[in-house]
Amino acid sequence: MSYETLRLAIRKKSQVSATYTGKTRRLCPHVLGTKEGVAHVLAYQVTYPKGWKCMVVSKLSNVSLCAGAWETGTHGGYQRDQKCVDYVEASV
């Protein structure tokens, strides 16, 4: 299950590999929860283009933990007042 894998990745500060919008991505998830009742994850994408991504969890597939250093971008995209998730279940 994608949601459980993302929660585990947050707890372990582990990268995940996943498919989103037809593209394979490497992510470091930082915040997991819901926005208006829909599961979302705020993650730092470590593959090109690097940067903060707010993703709908149900649109992620092939989610698995993978090797790689934990990364986080500048906190301009990840702040306590982030807008990706309004009910936080897990965060770094």
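**Exercise 1.** How many residues does the largest nonpolar core have, and which of them have the most contacts inside it?

*Solution.* The structure is a predicted model, in which local features need pLDDT of at least 70 and side-chain atom pairs count only at pLDDT 80 or more, while totals for chains, interfaces and linings use all residues. Residues are numbered from 1 along each chain as its sequence is written, and side-chain values use heavy atoms, with hydrogens and water left out.

Step 1. A nonpolar core is a set of buried Ala, Val, Leu, Ile, Met, Phe, Trp, Tyr and Cys residues joined through side-chain atoms within 4.5 Å. Buried means under 20% relative accessible area, exposed over 50%, and partly exposed in between (1.4 Å probe, protein chains only).

Step 2. The largest such core has 17 residues, and Leu 6, Leu 32, Val 41 and Leu 60 have the most contacts inside it.

Step 3. At least two residues of this core come from each of α1 (2–12), β1 (15–20), β2 (23–35), β3 (38–45), β4 (51–56) and β5 (60–66). Here helices (H or I, at least four residues) and strands (E, at least two) are DSSP runs, numbered from the N terminus. The largest share, four residues, is supplied by α1.

**Exercise 2.** Determine how the buried and exposed residues of α1 are arranged.

*Solution.* Step 1. Ser 2, Tyr 3, Thr 5, Leu 6, Ala 9 and Ile 10 are the buried residues of α1.

Step 2. These residues lie on the same side of α1 because they cover an arc of only 165° around the axis. The arc is that of the directions from the helix axis to the C-beta atoms. An α-helix has 3.6 residues a turn, so residues three or four places apart point the same way.

Step 3. The face turned away from the buried side of α1 carries the exposed residues Arg 11 and Lys 12.

Step 4. The buried residues of α1 pack against β1, β2, β3, β5 and β6 (87–91), where contact means heavy atoms within 4.5 Å.

**Exercise 3.** Describe the surroundings of β1 and its pairing with other strands.

*Solution.* Step 1. Six of the six residues of β1 are buried, so β1 is largely enclosed by the rest of the structure. Gln 15, Ser 17 and Thr 19 are on one side, with Val 16, Ala 18 and Tyr 20 on the other.

Step 2. Two strands pair if DSSP finds at least two bridges between them. Five bridges join β1 to β5, and these strands run antiparallel; Val 16 stands opposite Leu 65 in β5.

Step 3. β1 and β2 also run antiparallel and are joined by five bridges, with Thr 24 in β2 as the bridge partner of Thr 19.
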